[in-house]
Amino acid sequence: MNYWIICDLPIMCLAINIYLLISIIINKDDEQEMIVLKRVLFFAAFFIAFDCMLSLLEVGPLNLPYSVIYIINILYNIAGSGLALSFFRYSQIVFGVETIGGRKKRRIVSKKLQLMGACMSIYALAVAVFDAFAYKTDWFLIRKSGSFDYGPLDILWYVSVYLPMVVSLVFGIKLFFDKKHHSSREKYLPIIIFGLLIAIMAVIQLTVNDSYPIIPMGITMALVFMFITISEAKISRDELTRIDNRRQLYRDMESLIERGKKVSWYLLMMDGDEFKSINDGYGHSEGDRALIKIADILKVSCRKQDARIYRFGGDEFVVLKETSGQTREECDREVEEFCQRIRNRFNEYNASSGKMYKLMVSIGYAKYGEVENDSARALINRADKELYKAKGYDKR
């Protein structure tokens, strides 16, 4: 028997998982994505370790008392379900769970995903409890002395592990090919690749030899890809406000420009009114908090509006807004209503904030394609001129 396949491969995967986990812990990254990814890596490490143990138990070189094997089996089941559910939680963040005002204040966009997650969590817990009380039976992955048995109800555990991943994969593929999410489709790739890699490795493991722990290799490859993707995305993220920065803005604009006349969209340029007085009167720390609040208000305003927000620099923000109107007048009216929605949000905040100062933004916008050979920079310049008009300046 090739013990090195059964032992060395999972150990290498386990070492990679632990390295990624330590990297996140050392960086003390408190972004929601990284917090949940840390949870995924934690469960993955235990799942791989227990998978290796159970594989060695099957082929013979590892001999343990039945009671120890039973405990390992229970922990293996819990780790598998925990991995699947924590990955599903990560997919929720990607698909529509926003954190507004910190980790403790979460607004759930997709209640369908939230309900699915709750149902799958209850199911996984029920399977774990049922397995725990299935002592000396062959219903689940119970290892009896001298045998390695899969019981008739073993399928229940596989459902608890693979169902969350399948649901995430289906939603990821659906959103990836949805035209409404064209500008942000890259963020769905880690979800799709994670699910596909594990599915492929599961088929290989069941086809080649069920004793060979090939699935840990798929999990590890998927997690490495996910870690790299998140790290690259952070380069395009503004560190203070946690929204996309100018680098990502230009990438998304180029993506929209490539679509040509298939989509109608506007660029809204905005900056804080009298923001300098906040820094001068209350200090730069308060100014930073004000910028974060502006970003939060804009994020809420952009939700479900086919709009995406970016920090352009300083107290300047940009929003790319797609419109569905058939005529120019209808599109302009849609954008005006969107701008009023933003102003109303700021008014609501000012009325309840208790701050000595008020937050508000001036807005100038321009539609792509108004001039021949339109470009990203030309569009930004036109929107910037409109912004200065809105602020009452005469920019020549």
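The expected span of a helix is 1.5 Å times one less than its number of residues. Helices (H or I, at least four residues) and strands (E, at least two) are DSSP runs, numbered from the N terminus. Keep both at hand for the exercises below.

This is a predicted model, in which local features need pLDDT of at least 70 and side-chain atom pairs count only at pLDDT 80 or more, while totals for chains, interfaces and linings use all residues. Residues are numbered from 1 along each chain as its sequence is written, and side-chain values use heavy atoms, with hydrogens and water left out.

**Exercise 1. Compare the end-to-end reach of helix α11 with its expected span, then do likewise for α10.**

Step 1. Helix α11 covers residues 328-353, which is 26 residues. At 1.5 Å a residue it should span 38 Å.

Step 2. The end C-alpha atoms of α11 lie 37 Å apart, which agrees with that value.

Step 3. Helix α10 (residues 284-302) has 19 residues, and the distance from its first C-alpha to its last is 27 Å, close to the 27 Å expected.

Step 4. Now look just past each helix. Lys304, just after α10, has a positive phi of about 60°, and Gly354, just after α11, has one of about 75°.

**Exercise 2. Find which residues of α11 are buried and what they pack against.**

Step 1. Fix the cut-offs: buried means under 20% relative accessible area, exposed over 50%, and partly exposed in between (1.4 Å probe, protein chains only).

Step 2. The buried residues in α11 are Cys331, Val335, Phe338, Cys339, Ile342, Phe346, Tyr349 and Asn350.

Step 3. Here is a helpful rule: an α-helix has 3.6 residues a turn, so residues three or four places apart point the same way.

Step 4. The packing partners of these buried residues are β3 (264-272), α10, β4, β5 (316-323) and β6 (361-367).

Step 5. For the wider setting, the chain has 12 helices and six strands, and 49% of its 396 residues count as buried.

**Exercise 3. Describe how α8 and α12 pack.**

Step 1. Axes are lines fitted to C-alpha atoms, for helices over the stretch in contact, and angles run from 0 to 180 degrees between N-to-C directions. Under 35 degrees counts as roughly parallel, over 145 as roughly antiparallel, 65 to 115 as roughly perpendicular and the rest as oblique.

Step 2. The axes of α8 (residues 246-258) and α12 (residues 376-390) are 10 Å apart and meet at an angle of about 110°. Helix α8 is therefore roughly perpendicular to α12.

Step 3. Contact means heavy atoms within 4.5 Å. On the α8 side it involves Leu249, Tyr250, Met253, Glu254 and Ile257, and on the α12 side Ala376, Arg377, Leu379 and Ile380.

Step 4. Sort these by class, where Ala, Val, Leu, Ile, Met, Phe, Trp, Tyr, Cys and Pro are nonpolar, Asp, Glu, Lys and Arg are charged, and the others, Gly among them, are polar. The contact of α8 with α12 then has seven nonpolar, no polar and two charged residues.

**Exercise 4. Trace the salt bridges of Asp244 and contrast their setting with the pair in α10.**

Step 1. A salt bridge is a side-chain nitrogen of Lys or Arg within 4 Å of a carboxyl oxygen of Asp or Glu. The structure holds 16 of them.

Step 2. Asp244 is bridged to Arg308 at 2.8 Å, N to O. This pair links distant parts of the chain, with Arg308 in strand β4 (residues 307-313) and Asp244 in the loop between α7 (215-235) and α8, 64 residues apart.

Step 3. Asp244 also forms a salt bridge with Arg237, with 3.6 Å between the closest N and O atoms.

Step 4. Check exposure: Asp244 is buried at 11% relative accessible area, whereas Arg308 at 21% and Arg237 at 25% are partly exposed.

Step 5. In α10, Lys299 and Asp296 are three residues apart, about one turn of the helix, and their salt bridge is 3.5 Å, N to O. Lys299 is buried at 16%, as is Asp296 at 7%.

Step 6. Finally, locate the network of salt bridges that links Arg328, Asp332, Glu370, Asp374 and Arg382.
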